[in-house]
Amino acid sequence: MKKEKDLTFKEYIKIALWTFKITWQISPWATLGSLFSEIISRLRSVVDMYVFAKLIDTLISIATQEGAEVKDLFPFLLILLLINLFFTLVGMVRSYSSRILRRLSRPILDKMAYGKIHSLGVQTMELPDMVNESQKMRDWLYIIVDVDSNIVRMLSFAVSTIFTGAIIITKIPIVIPILIVIAIVSFLQRKHFFKKDFDWNTNREHLMQKRKAFWIGGRLSDPRDIGEISVIGAFGFMDKKFTDFFTYFNSGLLKIMKADSLSGFLVSMLSNFGILFGYMEVFGLLLGNQITIGDTTFLLTTITSFYNGIEGFSAEIVAFRDFVMKAKQVYGFFNLESVVSDGDFKLPRLEEPPIIEIKNISFHYPNSEKSIFKDFSLTIKKGEKIAIVGENGVGKTTLIKLISRIYDPQEGEILINGINLKDIKINDWYKNIGVLFQEYNFYGELTARENIYIGKSMKEIDEEKIIEAAKNADAHNFIKDYKYGYDTIMSERFDDGIRPSSGQRQKIAIARFFYRNAPVAIFDEPTSSIDAESEYRIFNRIYKFFENKTVVIISHRFSTVRNADRILVLHEGKIDEEGTHKELLKKEGRYFNSFSKQAKGYTI
């Protein structure tokens, strides 16, 4: 079992300060309120008992006098009432501050997480182990607030221990070292089992298997998955995988918990004897007439508070290690840097499409040594309509991702109007391209209108162009038939939402693309879920709508590419053939063979 390497003291402090800074950003007043209210609340039992002890001594004194009345105790009762009101107010501040930090933290921490992932980019996120690093960050993201709560509790226990210790040392100093030794034993016991529990839970293999198990559990409860799972009879198989892992994992966890509970009970017995020894010392002072009954009551409470303070402080130190080791996963992720550096050249919104030159590039994915391209070159002219075809795995989608600068080639360069793409500010390039990926995003939490508008959401919405885009994508008719038309939520998981078909989702995604209306338009299998008649109409509109723009189309359907200015046939990362549809048919090569096979099943 690979164990997590412990942190240095400096690292503990650095991560703790980092979490405090984030909590402070969430709410400075709630952070301060939590700190001071926790410290003050920790002293309540001692303050209450001190006033109560004085009340008892006064009551005994008054009771021995003739003509004593209850009203003689009113000053003490008033003080006791005011103290209770004060601590009630402090408790309210403590509860309010904690709730504020908890309620406000989640959206702020989520925003930090997705902002960081966005800044790292796809190429960084697909590095080996990055999925695990990202998941560990997600697993422990919300523990940031817990770290600060833990530090606040540590400080409050420390103040309580110092305060009560200062009282005890004036009367029975011998009790202090005895209780400290017992507290050290308790600390070592807690530390040992916290570490075993932490190592068991954060073991790399366990984390991976737990993630798989929860993924399976999610599938078994997701209405979109249970249909196929039921039909193919996979429920029992997947249920067993879920059950087997947690049977193993929980059995190991139970062993640790049982040993922790037994040893903890023995330490608790030892602490009771230590406190009892302190009580005997106090009773000795009382019998020797060195202290009053009120003082006796106060000292008994103070001894218990002193030990609870030491034990609580030691327990929080142990928990601090656990919290910070988990927060370390978050801290490490947020300090990663993207492997794709942004350029400095500011590219304006282009009035006409650029010349795209791909020169001698070589590329392999970060988690693979297999080359997708090696010394590959291609020039796309202004306003040219390019179609790319080829078998699966030959690099069609990869080429699109390189042009989109989702990835950078390891060798060679991509030039935009003669400027290296790496030198152009990424967001400036993105403003000039529109890419509809094969695995396109569809936003079920948004309305049909918003799903289209998101294609150009940096501008004010244009209702006429929204409808025009929907018509071009063959989507307008079915959208207006929805109960709420363009305001219909695109998922049945929300109130008044609907579940569009896969073809409808793809048409809405294409409408988003029309609405974007970028100088460079790239389609990666854009109509895979759309019927042939709609596909024919959509592509006619694509060629017409983007007449003065550069269009790059990837498709397995030859009916969608036959009107392109130039068709490229990729094979093993190289351009095997290129030309118009008619020219390629005359060559009777790879394109001709593929086209002939597909033509047997379709009407051309």
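**View 1. The E4–E5 hairpin has a positive phi at its turn****.** In this predicted model, just two residues sit between the strands of the E4 and E5 hairpin, and Asn417 there takes a positive phi near 50°. For background, most residues other than glycine have a negative phi. Strand E4 covers residues 411-416 and runs antiparallel to E5, with two bridges joining the pair. You can pick out both partnerships by eye: Leu415 has Asn420 of E5 as its bridge partner, and Ile416 has Ile419 of E5.

**View 2. Four strands make an open antiparallel sheet****.** Reading across, the order is E2-E1-E4-E5. Which strands stand at the edges? They are strand E2 (371-380) and strand E5 (419-420); each has a single partner strand, so one side of each is left without a neighbour in the sheet. As a reminder, strands of a sheet pair through backbone hydrogen bonds.

**View 3. E1 and E2 form a hairpin****.** Here the strands have six residues between them, and six bridges join E1 to E2 in an antiparallel run. A handy landmark is Phe363, which stands opposite Phe373 in E2. While you're on E2, have a look at Asp375, which is placed in that strand. Asp375 isn't a glycine, yet its phi is positive, at about 55°.

**View 4. E1 also pairs with E4****.** Five bridges hold this antiparallel pairing. One spot to zoom in on is Lys359, whose bridge partner in E4 is Glu413. Helix H12 lies across strand E1 (356-364), E2 and E4, and runs at about 65° to E2.

**View 5. Six strands build an open sheet with mixed pairing****.** Follow the strands in the order E6-E7-E8-E3-E9-E10. E6 and strand E10 (574-579) are the edge strands, each pairing on one side only. From one strand to the next, the twist averages 15°. H12 turns up here too: it lies across strand E3 (385-389), E6, strand E7 (520-524), strand E8 (550-554) and E9, running at about 150° to E8.

**View 6. E9 and E10 pair at one end of the six-strand order****.** Strand E9 (residues 566-571) and E10 are antiparallel over five bridges. Val569 is a good place to start, with Glu577 in E10 as its bridge partner. Now slide into the loop between E9 and E10, where you'll find Glu572. Glu572 has a positive phi near 55°, and it is a residue other than glycine.

**View 7. Helices H1 and H6 cross at roughly 105°****.** The axes of helix H1 (residues 9-26) and helix H6 (residues 143-168) come within 9 Å. That crossing angle makes H1 roughly perpendicular to H6. On the H1 side, the contact uses Ala16, Trp18, Thr19, Phe20, Ile22, Thr23 and Ile26. H6 brings Ile144, Val145, Val147, Asp148 and Ile151. Sorted by class, the contact has nine nonpolar, two polar and one charged residues.

**View 8. Helices H5 and H8 pack at about 80°****.** The axes of helix H5 (residues 130-140) and helix H8 (residues 204-221) are 12 Å apart. With that angle, H5 is roughly perpendicular to H8. Asn132, Gln135, Lys136 and Asp139 in H5 meet Arg204, Leu207, Met208 and Arg211 in H8. What classes of residue make up this contact? The split is two nonpolar, two polar and four charged.

**View 9. The largest pocket has a volume of about 1,600 Å³****.** It is lined by 40 residues, and the closest to its centre are His118, Ile406, Tyr430, Phe437 and Asn441. Two or more lining residues come from each of helix H4 (74-125), helix H12 (396-403), helix H13 (426-430), strand E6 (433-436) and helix H17 (502-516). Which element gives the most to the lining? That's H4, with seven residues. By class, the lining divides into 18 nonpolar, 13 polar and nine charged residues. Two names here will be familiar from the earlier views: H12, which lies across strands including E3 and E8, and E6, an edge strand of the six-strand sheet.

Technical notes: Residues numbered from 1 in each chain as written. Predicted model: local features only at pLDDT ≥ 70, side-chain atom pairs only at ≥ 80, totals over all residues. Heavy atoms only, no water. 1 Å grid on protein atoms, 1.4 Å probe; cavity = no way out; pocket = protein on both sides within 12 Å on 5 of 7 lines; lining within 4 Å. Points joined across faces, edges and corners; volume = space filled by probe spheres on them. Nonpolar A, V, L, I, M, F, W, Y, C, P; charged D, E, K, R; others polar. Pairing = 2+ DSSP bridges. Axes fitted to C-alpha atoms, helices over the stretch in contact; angles between N-to-C directions. Contact = heavy atoms within 4.5 Å. Parallel < 35°, antiparallel > 145°, perpendicular 65-115°, else oblique.
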